[in-house]
Amino acid sequence: MTSMLGLGQLSTVITQVNGVLANKEQWKSELNTYRVEAAWKLGKWDLLEDYLSSDQQSCTWGVRLGQLLLSAKKQDAESFYEKLKLVRKEQVVPLSAASYECGTYQRGYEYIVRLHMLSELEHAFTELQETRAGSTPGLTKLPPHWSDRLEMTQNSFRAKEPILAVRRALLSLRPQ
């Protein structure tokens, strides 16, 4: 499933997971994270909501990110900031632990990228709320800081792809 997600075969991931779960319902908590990630990357918000509500046990990074994006889509500020605080804490703890080990930079960079994504998600959510409240005009172009922030990340697919995926999802949240 991870390979198919990496290759962008998002609809296939959803189909495969749904097929497996039709026969093996007990695997839901292990497999749900794949279809949650595929759903938000595709911008299928109704499916995302169904997948998140059907499994309250999963607490992986992909599920947490899906919960945040769904809260942003629904403009549920209270839920969004509550989940954001929790997810940030979940990312900082392993980053802190990694700082005591050899190879800290490479091992911890995954968590730095995740914190980067959360920061952009929070900033975009704030802008969306201001836009909907009418205090600022609607976003007509990409945020100017995005290119600078992406330029500062490692020049690797592994670092840049997740950031770009979240950005695509955020752009689909903007009012048309």
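Buried denotes a relative accessible area under 20%, exposed one over 50%, and partly exposed the range in between (1.4 Å probe, protein chains only). The model treated here is predicted: local features need pLDDT of at least 70, side-chain atom pairs count only at pLDDT 80 or more, and totals for chains, interfaces and linings use all residues. Residues are numbered from 1 along each chain as its sequence is written, and side-chain values use heavy atoms, with hydrogens and water left out.

**Exercise 1. Classify the two partners of the salt bridge between Lys28 and Glu25 as buried, partly exposed or exposed.**

Step 1. A salt bridge places a side-chain nitrogen of Lys or Arg within 4 Å of a carboxyl oxygen of Asp or Glu. For Lys28 and Glu25 the N to O distance is 2.9 Å.

Step 2. Lys28 has a relative accessible area of 16% and is therefore buried. Glu25, at 47% relative accessibility, counts as partly exposed.

**Exercise 2. Determine where the partners of the salt bridges Lys41–Glu37 and Lys74–Glu49 lie along the chain.**

Step 1. Helices are DSSP runs (H or I, at least four residues), numbered from the N terminus.

Step 2. The closest N and O atoms of Lys41 and Glu37 are 2.8 Å apart. Because these residues stand four apart in helix H3, about one helical turn separates them.

Step 3. Lys74 and Glu49 meet at 2.7 Å, N to O. This pair links distant parts of the chain, with Lys74 in helix H5 and Glu49 in helix H4, 25 residues apart. Lys74 is partly exposed at 47% relative accessibility, as is Glu49 at 34%.

Step 4. Through shared partners, salt bridges join Glu37, Lys41, Glu161 and Arg168 into one network. The whole structure holds ten salt bridges.

**Exercise 3. Identify the residues of the largest nonpolar core that touch the most other members, and the helix that gives the most to this core.**

Step 1. A nonpolar core is a set of buried Ala, Val, Leu, Ile, Met, Phe, Trp, Tyr and Cys residues joined through side-chain atoms within 4.5 Å.

Step 2. The largest core has 42 residues, of which Trp40, Leu48, Leu65, Leu69 and Leu170 touch the most other members. H7 gives the most to this core, with eight residues.

Step 3. Contact means heavy atoms within 4.5 Å. Beyond its neighbours within four places in sequence, Leu69 is in contact with Trp40, Trp45, Leu121, Ala169, Leu170 and Leu173.

Methods
Helix = DSSP H or I, 4+ residues; strand = E, 2+ residues; numbered from the N terminus.
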